[in-house]
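Visitor: Got a minute? I'd like to go through the sheets and helices in this one.
Guide: Sure, let's pull it up.

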Amino acid sequence: MRYLPFLISILLLSACNEPIPAPETVQSLELQLDTISLEAKNDSGVVFFSFYIEDLQVKGEDSLYQNINKKIQQHLLEGNLSFAENIQSYQGLYDSIRMEYLRLSKSDFAPVSAWDLSQSVNIALNEEGLFSYHSSHSAFTGGAHPNTFGGSQLIRLKDGAELNLDSIIKPGYSNDFLRLAESLFRKEYQLPETGSLNEHGYWFDEDQFQLSEVFTYNHEGLHFHYNPYEIGPYAMGHLFVDIPYVYLLDFLKPEYQLTNVSEENPES
């Protein structure tokens with residue numbers, strides 16, 4: 001019996017030296033998409049401001065989920081802040097624009113038509129530890145046409161980090177990737193394989209092709225979205241360039257490659 005305390009101590013030490021299981025890696029998010037639909041009417045009951053928001057929420061009590069949710073909420077709200085500044089909530093955004101309409105209505109610059117603002121969200125990827133989405137924002141507050149804007153985020157779920165293009169492309173491959181994207185852009189818009197882009201009406205800085213910072217990622221590949229005025233006049237509208245997944249295999253870092261994707265060449 002005099003050896004019993006010694007044996008218990010050995011067992012306790014052994015238990016303390018057992019490796020602690022690693023936390024389960026987050027593969028996807030549990031999401032909730034709510035809608036906020038509001039209308040402001042004048043004294044005659046006529047709607048003068050319509051407000052429609054798709055509000056994306058990440059569910060979960062863990063701090064990781066809450067931080068990701070906060071990051072997404074802030075990014076979505078900021079997509080509308082070209083229409084109103086210093087706003088912290090959708091209700092605040094609605095109230096700000098409604099009050100501005102009413103203020104102008106009493107001035108020499110009274111609006112001649114109703115205003116509206118909308119936001120929609122499209123999920124591109126929610127698996128394999130990555131979350132990618134695109135948001136569309138539109139507002140009409142007078143003028144010749146509505147203002148429209150697209151936004152996006154790519155988030156690594158294990159730590160909530162937001163990833164840009166350089167985060168997922170292998171070091172040293174950026175120039176080759178840019179050349180590939182330019183060739184696909186020229187093909188999409190039926191432009192010559194070489195030569196000036198700006199001579200065809202584009203506004204690339206120093207006439208050098210660049211990719212937009214707005215993009216989504218999924219099993220189909222990378223989808224880049226240029227907003228109006230980003231690389232051309234408003235009349236050009238929203239411009240896009242798609243990089244099929246099969247073309248990404250030589251460029252993506254291994255940790256960001258997806259499984260169960262087609263490696264068939266889209267041109268074959």
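Visitor: Which strands does helix 3 lie across?
Guide: Helix 3 (residues 90–105) lies across strand 1, strand 2 and strand 3. It runs at about 165 degrees to strand 2. Helices (H or I, at least four residues) and strands (E, at least two) are DSSP runs, numbered from the N terminus. Axes are lines fitted to C-alpha atoms, for helices over the stretch in contact (heavy atoms within 4.5 Å). Angles run from 0 to 180 degrees between N-to-C directions.

Visitor: Can I trust the numbers? What kind of model is it?
Guide: This is a predicted model, where local features need pLDDT of at least 70, side-chain atom pairs count only at pLDDT 80 or more, and totals for chains, interfaces and linings use all residues. Residues are numbered from 1 along each chain as its sequence is written, and side-chain values use heavy atoms, with hydrogens and water left out.

Visitor: What's the strand order in the six-strand sheet?
Guide: 1-2-3-4-5-6, open, with mixed pairing. Two strands pair if DSSP finds at least two bridges between them. Strand 1 (31–41) and strand 6 (161–162) are the edges.

Visitor: How many bridges between strand 5 and strand 6?
Guide: Two, in the antiparallel sense. Arginine 156 stands opposite alanine 161 there.

Visitor: Now the three-strand sheet. What order?
Guide: 7-8-9, open and antiparallel. Strand 7 (215–218) and strand 9 (239–244) each have a single partner strand, so one side of each lacks a neighbour in the sheet.

Visitor: Which helix packs on it?
Guide: Helix 5 (residues 174–188), touching strand 8 and strand 9.
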